[in-house]
Amino acid sequence: MRLYVVRHGDAGTRARWNGADESRPLTTKGHRQAVAIADALASAGVGRLVSSPYRRCVQTLEPLATRLGLVVDDDPRLAEGAGGVDALTLADELCKENDAAAVCSHGDVIPEMLRILMATTARFKDPLVWPKGSTWVITWDGERWSKARYIAPPKV
């Protein structure tokens, strides 16, 4: 099983957004990143999409959902501030359901997930980075999360 852990696409800065941060949308660049992510993952066998409830995360997975005929479920365990342990609990649940799943989260949750995996079970081929629009491919070997590979953000 593979889990594709996507950092949401470009959404500008909090300082330039007047509304609640949860409702901050993707920028034009972020929408282009979302389409490119959909292009990259369309043939990956993804059977489930789960996102932080934040608008920018849901929007990042929507082009993939449209392409695959899936819905984007939201889960607070992927929300900003939720923490890596909660996100990994969700990942453990997903590994029992599908051959592949994609989740979308934030720049505080993803590095915490990765650090926990690195310290426990997974081999990493790449340095720990998580820019907006990037993806980590985490592999479940039937018993544990065994390896992790980085995919850079699409050039859009």
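In this predicted model, Cys-57 is a buried residue, because its relative accessibility comes out at 0%. No disulfide includes Cys-57, even though the sulfur of Cys-104, the nearest from another cysteine, is 3.8 Å away. A disulfide would call for two cysteine sulfurs within 2.5 Å, so a gap of 3.8 Å leaves this pair outside the cut-off. Cys-95 has no disulfide either, and here the nearest cysteine sulfur, again from Cys-104, sits 20 Å off. Cys-95 is buried too, at a relative accessible area of 9%. Searching the whole structure turns up zero disulfides.

Next comes the nonpolar interior. The largest nonpolar core has 24 residues, and the members that touch the most others are Leu-3, Val-5, Leu-94, Trp-136, Ile-138 and Trp-145. Both helices and strands feed into this core: helix H3 (84-94) and helix H4 (109-120) each give at least two residues, as do strands E1 (2-7), E4 (100-105), E6 (135-140) and E7 (145-151). A separate core of 15 residues lies apart from the largest one, with Tyr-4, Leu-61, Ala-65 and Ala-100 among its members.

How do H3 and H4 sit against each other? Their axes are 8 Å apart and cross at an angle of about 75 degrees. Angles from 65 to 115 degrees count as roughly perpendicular, so that is the label for H3 against H4. On the H3 side, the contact is made by Gly-84, Val-85, Ala-87 and Leu-88. The H4 side brings Val-109, Glu-112, Met-113, Ile-116 and Leu-117.

Met-113 is worth a look of its own. This residue of helix H4 is buried, with 3% relative accessible area. Setting aside residues up to four places away in sequence, Met-113 touches Gly-84, Ala-87 and Leu-88, along with Val-5. Three of those names, Gly-84, Ala-87 and Leu-88, also appear in the H3 part of the helix contact. Between Met-113 and Gly-83 there are 7.6 Å in space, C-alpha to C-alpha, for 30 residues in sequence.

Over in helix H3, Ala-91 is buried as well, at 2% relative accessibility. Beyond the neighbours within four places in sequence, Ala-91 is in contact with Leu-3 and Trp-145, and both of these are listed among the core residues that touch the most other members. Ala-91 and Val-103 are 12 residues apart along the chain, and their C-alpha atoms are 8.6 Å apart.

Ser-105, in strand E4, is another buried residue, with a relative accessible area of 1%. Its contacts, leaving out neighbours within four places in sequence, are Val-6, Arg-7, His-8, Cys-57, Leu-78 and Ile-110. That list takes in Cys-57, the buried cysteine described above. From Ser-105 to Gly-83 is 22 residues in sequence and 10 Å between C-alpha atoms.

Now for the charged side chains. Side chains of opposite charge can pair when their charged atoms come close. The count here is seven salt bridges. Arg-77 takes part in a bridge with Asp-75, at 2.9 Å from N to O, and in another with Glu-93, also at 2.9 Å. The pairing with Glu-93 links distant parts of the chain, 16 residues apart: Arg-77 belongs to the loop between strand E3 (72-74) and H3, while Glu-93 belongs to helix H3. Asp-75 is buried at 12% relative accessible area, whereas Arg-77 is partly exposed at 22%. Glu-93, with 35% relative accessibility, is partly exposed.

Another bridge joins Arg-144 to Asp-141, where the closest N and O atoms are 3.7 Å apart. A salt bridge requires a nitrogen and a carboxyl oxygen within 4 Å, so this pair makes the cut. Arg-144 is partly exposed, at 36% relative accessible area, and Asp-141 is partly exposed, at 42%. Elsewhere, a network of salt bridges ties together Arg-48, Asp-73 and Glu-97.

How values were computed:
Residues numbered from 1 in each chain as written. Predicted model: local features only at pLDDT ≥ 70, side-chain atom pairs only at ≥ 80, totals over all residues. Heavy atoms only, no water. Buried < 20%, exposed > 50% of the residue type's maximum accessible area, 1.4 Å probe, protein only. Core = buried A, V, L, I, M, F, W, Y, C linked by side-chain atoms within 4.5 Å. Helix = DSSP H or I, 4+ residues; strand = E, 2+ residues; numbered from the N terminus. Salt bridge = Lys/Arg side-chain N within 4 Å of Asp/Glu carboxyl O. Axes fitted to C-alpha atoms, helices over the stretch in contact; angles between N-to-C directions. Parallel < 35°, antiparallel > 145°, perpendicular 65-115°, else oblique. Contact = heavy atoms within 4.5 Å.
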